[in-house]
Amino acid sequence: MNYIFYFLIAISIIFAVINGRLENLGNAILKGADLSVKIAFSLIGIMAFWLGIVRIAEKCGIVKFIAKLITPITKWLFNEIPQDNEAIGNIALSFSANALGLTNAATPIGLKVMEELQEENKDKKTASNAMCMFLAMNTAGFQIIPATVIAVLAGIGYKNPTEIIVPTLIVTSIAFLSAIIIAKLLQKVWKPQTVEKEVKGVNYD
Amino acid sequence: MINFISTAAIPFIVLLILTVAIIKKVPVYQEFTEGAKDGFKVAVNIIPYLVAIIVSVSMFRESGALEMLSNACAGFFEMIKLPIDTLPLVIVRSLSGGAALGVFSDIASHFGPDAYVTKLAAVMVGSSETTFYVLAVYFGSIGITKYRYALLTGILADIIGIVAAILVCSMFFLPSIA
């Protein structure tokens, strides 16, 4: 991540000089920083709401119940996390919210999962296998109904926007399954103590 | 029907959770506010990571580097029969959700609803999640700085997703164009 951060900024500055866009850069920094805070602050309310709801779900045993339903799968995916951990149920909740396209609900629950996984993590600075698996599932963006895209299509007068649902579902499933398999394979090769920088640098370009 | 499911999902989930809780005599109001307290903390925790990722990505875009990267890839795109107009989307997809949606809206309104490019772009956007943003926010919230293979996994899955989108779309939509 250090190298990616460095290269993104260094390359930007070099290209800005070449393209004579240096004055745009200052603007980009200002706008980017501003946008970050806006995003974070817009999250506070909805975050509080879902964290409140999830807490109730935990207290009344719903999270445990969902966790039990999916144990066969999570046993394999998250073999380092005790299966009675709250995280397992919340992983299922977060995944369902994502699949339904409820991003606003998925993010707070997902962040809660990360916190719970962190408790099981030995090295607090380094990602655990469980975290990488959870994020692999997340970044693959499995979604049953791509609601936003459908809305845009409908907006421009697309007659039958729902026809993209099936192809999208096929593609998203392929990406999702590959992400899980890749994460499973890499966790054997890429142990926590190994140096990660070189591989990431190459990979980025 | 689909619209109904997406609009009904949230209220229904909330109602279900609250009802079960009340039946089990859980003090719902206290527990709700107890859980909600963390909302502010988590949101504030992710600000530094958001700033890092969003500022660097928007610098990259504003400097013209993104454009030049697109131009550099143009030949390769023609080779694999990918419409050149989806190129910015392919590059931006993993970096920023807002930008990806922006590029998609641009493609959609420029080429119109019946173009193959529009459909391909729709599937590409609909099937992806912004890898960099998710990693920065999720790892940032708990202070993880060493991502190990998480980023590589996300990017590989994104690439597989793009390839799958091209293949699946050509099967679904291309014959019907003629």
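Here are three short exercises on this predicted model, each with a worked solution.

**Exercise 1.** Work out what kind of fold chain A has: how many helices and strands are there, and how much of the chain is buried?

*Solution.* Start by counting elements: chain A has 9 helices and 0 strands. Reading from the N terminus, that gives α-α-α-α-α-α-α-α-α. Next, look at burial: 51% of the 205 residues of chain A count as buried. Then check the contacts between residues at least 6 apart in sequence: 59% of those in chain A join residues at least 24 apart. Finally, the surface: chain A exposes about 9,700 Å², with 66% of it supplied by carbon and sulfur atoms.

**Exercise 2.** Find the buried residues of helix 3 of chain B, and say how they are arranged around the axis.

*Solution.* Go through residues 38–45 and pick out the buried ones: B:G39, B:V42 and B:A43. Now look down the axis of helix 3 of chain B: the buried residues fall within an arc of 100 degrees, so they line one face of the helix. The spacing rule helps here: an α-helix has 3.6 residues a turn, so residues three or four places apart point the same way.

**Exercise 3.** Describe how helix 2 of chain A packs on helix 3 of chain B.

*Solution.* Take the geometry to begin with: the axes lie 7 Å apart, at an angle of about 145 degrees. The crossing is right-handed. Then list who touches whom: on helix 2 of chain A, the residues include A:L43, A:I44 and A:M47, and they meet a set on helix 3 of chain B that includes B:G39, B:V42 and B:A43. Those three chain B residues are the buried ones from Exercise 2.

Methods
Residues numbered from 1 in each chain as written. Chains lettered and ligands numbered in written order. Predicted model: local features only at pLDDT ≥ 70, side-chain atom pairs only at ≥ 80, totals over all residues. Heavy atoms only, no water. Helix = DSSP H or I, 4+ residues; strand = E, 2+ residues; numbered from the N terminus. Buried < 20%, exposed > 50% of the residue type's maximum accessible area, 1.4 Å probe, protein only. Contact = heavy atoms within 4.5 Å. Areas by Shrake-Rupley, 256 points an atom, 1.4 Å probe, with all protein chains shown as cover. Arc of directions from axis to C-beta. Axes fitted to C-alpha atoms, helices over the stretch in contact; angles between N-to-C directions. Left-handed = near helix turned anticlockwise from the far one by under 90°.
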